[in-house]
Amino acid sequence: MSINDRIKNELDKRGWTIYKLSKLSNVSKTAIKSWFKPVPTKPTYDSLKQVAKAFGMSVEDLISDKKDIDIQKTKII
């Protein structure tokens with residue numbers, strides 16, 4: 001899963017809009033919207049730090065594949 005997909009999933013889980021994430025993270029709406037276009041851009045590290053902080057998590061937690069692996073293991077068990 002791409003980092004853009006992870007951010008989208010966090011938005012969906014929280015029921016947040018791009019506007020709300022923009023306000024809480026101080027990342028422009030334009031930048032955030034560009035992450036979800038048909039040909040998306042990737043967030044900068046500084047943007048990732050701000051977005052992760054807004055979500056109440058570390059950058060490592062936001063970009064980690066560990067959650068996906070844990071979910072897959074749970075499905076197998």
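Which helices cover the buried residues of helix 4? Keep that in mind as you click through this predicted model; the reply is that the cover includes helix 1 (3-14), helix 2 (18-25) and helix 5 (59-63).

**Stop 1: the whole chain**

Show the protein chain as a cartoon. You should find 6 helices and 0 strands, so to speak an α-α-α-α-α-α run from the N terminus on. Of the 77 residues, 32% are buried. Now turn on contacts with a separation of 6 or more: residues 24 or more positions apart account for 53% of them. If you switch to a surface, the chain exposes about 5,400 Å², and carbon and sulfur atoms supply 56% of that area.

**Stop 2: helix 4**

Select residues 45-55, which form helix 4, and show side chains for Ser 47, Leu 48, Val 51, Ala 52, Ala 54 and Phe 55, the buried ones. Turn the view until you look down the axis: these buried residues fall within an arc of 155°, so they line one face of helix 4. The spacing fits a general rule. An α-helix has 3.6 residues a turn, so residues three or four places apart point the same way.

Step off the end of the helix and pick Gly 56. This residue follows helix 4 and has a positive phi, near 75°.

**Stop 3: helix 1 against helix 4**

Add helix 1 to the selection. How do helix 1 and helix 4 lie relative to each other, roughly parallel or roughly perpendicular? Their axes come within 11 Å and cross at roughly 25°. An angle under 35 degrees counts as roughly parallel, and the two helices are therefore roughly parallel to each other. The crossing is left-handed.

To see who meets whom, show Ile 3, Ile 7, Glu 10, Leu 11 and Arg 14 on the helix 1 side, then Leu 48, Val 51 and Phe 55 on the helix 4 side.

Pause on Glu 10, which sits in helix 1. Is Glu 10 buried or exposed? Its relative accessibility is 6%, and it counts as buried because the cut-off for that is under 20%. Draw a C-alpha to C-alpha line from Glu 10 to Phe 55: it spans 7.7 Å, though the two residues are 45 apart in sequence.

**Stop 4: helix 2 across helix 4**

Hide helix 1 for a moment and bring up helix 2. Its axis and that of helix 4 are 8 Å apart, and the packing angle is about 105°. That makes helix 2 roughly perpendicular to helix 4. The contact is made by Leu 21, Leu 24 and Ser 25 of helix 2 with Gln 50, Val 51, Ala 54 and Phe 55 of helix 4.

Now colour the buried residues of helix 2, namely Leu 21, Ser 22 and Ser 25. They cover an arc of only 100° around the axis, which puts them on the same side of helix 2. Bring helix 1 back and add helix 3: the buried residues of helix 2 pack against both of these helices and against helix 4.

Zoom in on Leu 21, in helix 2. With a relative accessible area of 0%, Leu 21 is buried. Which residues does Leu 21 touch, not counting residues up to four places away in sequence? Select Ile 7, Leu 11, Trp 16, Asn 26, Ile 32, Val 51, Ala 54 and Phe 55. For Phe 55, the C-alpha separation from Leu 21 is 8.5 Å, with their positions 34 residues apart along the chain.

**Stop 5: Asn 26**

Follow the chain out of helix 2 and you land on Asn 26, with a positive phi near 60°, although Asn 26 is not a glycine. This residue is in the loop between helix 2 and helix 3 (29-34). At 63% relative accessibility, Asn 26 counts as exposed.

**Stop 6: helix 5 and Leu 62**

Finish with Leu 62 in helix 5. Leu 62 is at 2% relative accessibility and counts as buried. Leaving aside neighbours within four places in sequence, show its contacts: Ile 3, Arg 6, Ile 7, Glu 10, Leu 48, Val 51, Ala 52, Phe 55 and Met 57. One of these, Ala 52, is 10 residues away from Leu 62 in sequence and 6.4 Å away in space, C-alpha to C-alpha.

Conventions
Residues numbered from 1 in each chain as written. Predicted model: local features only at pLDDT ≥ 70, side-chain atom pairs only at ≥ 80, totals over all residues. Heavy atoms only, no water. Helix = DSSP H or I, 4+ residues; strand = E, 2+ residues; numbered from the N terminus. Buried < 20%, exposed > 50% of the residue type's maximum accessible area, 1.4 Å probe, protein only. Contact = heavy atoms within 4.5 Å. Areas by Shrake-Rupley, 256 points an atom, 1.4 Å probe, with all protein chains shown as cover. Arc of directions from axis to C-beta. Axes fitted to C-alpha atoms, helices over the stretch in contact; angles between N-to-C directions. Parallel < 35°, antiparallel > 145°, perpendicular 65-115°, else oblique. Left-handed = near helix turned anticlockwise from the far one by under 90°.
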